[in-house]
Amino acid sequence: MSKQITVRLPDDLVDFMDELVATDKATSRASVVARAMERERRRELAARDLAILTEHGGYDDLDGLATAASGTVLSDLD
């Protein structure tokens with residue numbers, strides 16, 4: 001399910017979106033916006049997780065997480 005919304009963006013951002021679509025790096029303006037919002041959601045979740053870890057700290061079982069995650073390819077960000 002999806003909802004239609006209306007947003008106003010600066011001309012340079014719309015031009016950038018149009019360039020992504022024209023060069024087949026995105027299927028539509030809507031897909032560019034959706035991808036950006038998914039990234040923002042992941043950023044917010046990561047910030048929340050960091051705050052929790054910082055507050056409670058001391059999770060020895062997570063010591064290798066940064067090393068393991070650094071090799072993870074996030075192809076959906078390309």
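## Two helices and a pocket

At 1.5 Å a residue, H2's 28 residues should cover 40 Å, and its end C-alpha atoms sit 41 Å apart, which agrees. (The expected span is 1.5 Å times one less than the number of residues; helices are DSSP runs of H or I, at least four residues, numbered from the N terminus.) This is a predicted model, where local features need pLDDT of at least 70, side-chain atom pairs count only at pLDDT 80 or more, and totals for chains, interfaces and linings use all residues. Numbering runs from 1 along each chain as its sequence is written, and side-chain values use heavy atoms, leaving out hydrogens and water.

Now for the packing. H1 and H2 pack at about 110°, with axes 9 Å apart; axes are lines fitted to C-alpha atoms over the stretch in contact, with angles from 0 to 180 degrees between N-to-C directions. That makes H1 roughly perpendicular to H2 (65 to 115 degrees). Here is who meets whom, with contact meaning heavy atoms within 4.5 Å:

| Helix | Residues | Contact residues |
|---|---|---|
| H1 | 11-22 | Val14, Met17, Asp18, Leu20, Val21 |
| H2 | 29-56 | Arg29, Val32, Val33, Arg35 |

Just after H2, Gly57 takes a positive phi of about 45°.

What lines the largest pocket? The lining is Ser2, Lys3, Gln4, Ile5, Thr6, Val7, Leu9, Val14, Met17, Arg29, Ala30 and Val33. H1 and H2 each supply at least two of the lining residues, and H2 gives the largest share, three.

How values were computed: Parallel < 35°, antiparallel > 145°, perpendicular 65-115°, else oblique. 1 Å grid on protein atoms, 1.4 Å probe; cavity = no way out; pocket = protein on both sides within 12 Å on 5 of 7 lines; lining within 4 Å.
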